[in-house]
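Q: Could you walk me through the place where the two chains meet, and what the side chains are doing there and around it? I'd like the cut-offs spelled out as you go.

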Amino acid sequence: MALVAMRLRGSLNGLRRRPWRTVIGTALLAVVAWGMHALTVRALRFLDGYPDIGTIADAVARRSLEGLLAVLMVAVAFSVLTGAIGTLYGSVDLPFLLSQPVPAYRVFALKVAETYAASAMLPAVFTVPVLVALGGERDAPAAYYPIALLALASLYALPVAVGALLALVLMRLAPAGKAKEFATAASVVVAAGLVFGLRALRPEQLQAMTPDEFERLLQGFAALQLGWLPSSWAADAVWQGLAGRFSAGATLLLALALVVLGGLVVLSSRAYAAGWYRAEGDAPWGGGRRRSSERPPAWERVLGPLGGGLVVKDLRLMLRDPSQWSQLLVLAALAGVYFISTASVSVGIQRFRDVIGAINVAFLGFLLAGVGVRLAFPLVSLEGEAVWLLRTAPVRAWRIVFAKFLGALPPMLALGVGLGAAVAGRLELSPALAVAAPLAGGLAAFATAGLGVGLGAAFPRFDSVNPHEVAVSSGGLLYMALSLAYAALSTLLFAYPTWRSLVGGRNAFSWTAPDGLLVLAALVLLCALFTLVPLLLGSHRLSRWEPSD
Amino acid sequence: MIEVRGLVKRYGRFTAVDGLSFEVAAGRVLALLGPNGAGKSTTIRAVTGQVLPTAGTVTVGGHDVTRRPLEAKALIGYVPDRPYLYPNLTGRELLRFLGRLRRVEGAEERARELLERFELTRAADELVQTYSHGMRQRLTFCAALLHRPRALVIDEPMVGLDPRGARDVRLLMRRHADEGGAVLLTTHSLAVAEAVADEIVLMSRGRAVARGTLAELRRRVGDDAADLEEIFLRLTEEAA
């Protein structure tokens, strides 16, 4: 208990140190929880009120809950992998705790609990409101709530244990010193694969169904039995809980959770030493391979002077860090999913194709905003604890920030312009919209790269160990809000050429006519505003940034 | 070369440095000596332009570090107490990068010379993450000396160095001063201060409690035979 109390005290102190961050974070979580609750209530009322399926509405709701629990269980399993390595092997307090006269299993019990809390907290924010809404809509007795929560806690314990076990194995098998990076890369690659997999289900087919076909689909879904999945046991426990009963499924789930968590504690205590050395570092020098030579390669001699050497340095660091290069795979997966989704829409009428082209212009901005949060926003923070090298060099903060912008721009520009042009070509858009699509992508690339790098410099997190963490901050939220605002404003400006093309026909709008040039100027001005202002703000804030210890 | 006048640095209500003044002339080594929390590292960070003074001025080579930071920083070579470097670069790549960043003429040749001098040539093309703590510290010295700085600013120079490395660093600091450079260092180690410093500033709670050569400090406590440890304890107790 003393260890847990100490850990809780540390967390509370951390929250007190950054009250605004705590308030914003809590508010966001509350909004998400409220949204999930409202969504569940509406979904249950829709099912209950849907004609002719009243008898199977309950089964459909139950299968939906099973599906949600299964998806979130998988999400926990993927997020726990890197978290487990970081907590079980990388915690800075671990050497201190293990040097105290405390049995190792107690220390690792704390670490397993930390891993569990960190991995299951976000999925719980999504699930608890669903269970509360279900209880409310079904007039569940008071006993339902603790039973449902216990079933949920037991369910998420299983992927935590599996993920942590995988982490233990990975620590033994991954190249020395690379286990954390490989775990991150593996998680990202699998997540990208999942996105592709979900897209391959082609959910747009549902739109083409008749009510009869949809009802048959629901009946098949209700009859689906996947009793061997723990998510089914949990759903069973929840449903029995609605009647106030603690079911056999709930008992089994709870027992299994206790066994696997206990086993994990024992195993972690025993496997610690062997994995520790591999986690700590690479083979000492002399054993590793040579990674550079006295004469720099040709590409480096060409790019070397760019951004005072920062572009080449960042490129090298990215290619050598799987947690960074794996972001490019996510980017490729996103681009692929986006292109397939847009291109799969088959519309014969030009006007409708142009409408989809106009929607594409808006979505490109949203897509690049999502990419920028991973690619551009963390760039300054990735300097990490070596930032003193830049801070003590005779270099203006502007030069650093601009070099980072130069590094982020090419992939984002390629993505924006490439996707815009590809979608425009595939949909055979009118001339005005065929130009608008790559133009929107290109301008959005500039704006989101500028916003990302600039706000990343204004709100740096040099203590973060990987790019995922960096964006989870008030600066990251501000970036998302502003990049979405840019996407919305540019969509408003692109609405004029779209409207002219839709109303007046294919050639009614020309970008070289006076009104076209005016729209173009407004777009460039908007883009320049969203690019340069954040870069200047970031430079100013970075020049005044001070180390806190 | 380095001039600190009435330096004050506050973090909220906490005053880390409170009205500190000293100067380090070319050809001299000055040691800031004091217990943990005395404000030594904050002073060093103000000199290297990493923190902005709340009050007072810091100039290097006549350039105000706050108003003309680029000119001041160009004259400084800095070695921090913890040698955080990019783990996924090799030693040679790090020096090449810093050469470009600082626009150093003949950086490749200079890097080769420094890697040789600090006995890092064999490890130069392997990743920094494979280096021992002492090797990283030596690479940090290479980085600090790459642009031939006129002022060397070193925070806790002996941390992580073996006895031979520590001796080499002592000689390096002395040689840098003898060649006309200025050296400002912080240390807990009385032996280091005694061995290399021409002048010592004793710090406690953000203030200078005494300043002078070892002989002058001895006179101040009225004991010509007192070693630096006795002087330090007596003067910091007085100040407390």
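A: Here is a look at the interface, followed by the aromatic pairs and salt bridges.

A word on conventions: this is a predicted model, with local features needing pLDDT of at least 70 and side-chain atom pairs counting only at pLDDT 80 or more, while totals for chains, interfaces and linings use all residues. Residues are numbered from 1 along each chain as its sequence is written, chains are lettered from A and ligands numbered from 1 in the order in which they are written, and side-chain values use heavy atoms, with hydrogens and water left out.

Chain B brings 43 residues to the contact and chain A brings 45 (contact means heavy atoms within 4.5 Å). The buried area between them is about 4200 Å², and carbon and sulfur atoms give 55% of that (buried area is the accessible area, 1.4 Å probe, that two parts lose on being put together, summed over both). On chain B's side, B:Tyr86, B:Arg100 and B:Leu101 supply 17% of what that chain buries against chain A, more than any other three residues.

Now for the polar side of things. There are 13 residue pairs in polar contact between chain B and chain A, both residues at pLDDT 80 or more (a polar contact is a pair of N or O atoms within 3.5 Å; within protein, one must be able to donate a hydrogen and the other to accept it, and residues adjacent in sequence count only if both atoms are side-chain atoms). Which elements of chain B give two or more residues to the side that touches chain A? They are β1 (2-11), α2 (69-74), α3 (91-101), α4 (107-117) and α5 (133-145) (helices, H or I with at least four residues, and strands, E with at least two, are DSSP runs numbered from the N terminus). Of these, α3(B) gives the most, with eight residues. By type, chain B's side divides into 20 nonpolar, eight polar and 15 charged residues (Ala, Val, Leu, Ile, Met, Phe, Trp, Tyr, Cys and Pro count as nonpolar, Asp, Glu, Lys and Arg as charged, and the others, Gly among them, as polar).

Five salt bridges cross this interface (a side-chain nitrogen of Lys or Arg within 4 Å of a carboxyl oxygen of Asp or Glu). In the bridge between B:Lys9 and A:Glu546, the closest N and O atoms are 3.0 Å apart. There is also a salt-bridge network that links A:Glu300, A:Arg316, A:Arg320, B:Glu93, B:Arg96, B:Arg100 and B:Glu108.

Next, the rings: the whole structure has 15 aromatic pairs over all chains (rings of Phe, Tyr and Trp, its six-membered ring, with centres within 6.5 Å; planes under 30 degrees apart are stacked, over 60 edge-to-face, the rest tilted). A:Trp388 and B:Tyr78 make an edge-to-face pair, 5.6 Å centre to centre with 85 degrees between the planes. A:Trp388 sits in helix α15 (residues 388-391) of chain A and B:Tyr78 in strand β6 (residues 76-79) of chain B, so this pair joins two chains. Both A:Trp388 and B:Tyr78 are buried (buried is under 20% relative accessible area, exposed over 50%, partly exposed in between, 1.4 Å probe, protein chains only).

Back to charges, within chain A this time: A:Lys313 and A:Glu383 form a salt bridge with the closest N and O atoms 2.4 Å apart. A:Lys313 is in helix α12 (residues 310-320) and A:Glu383 in the loop between α14 (350-375) and α15, 70 residues apart, and both residues are buried.
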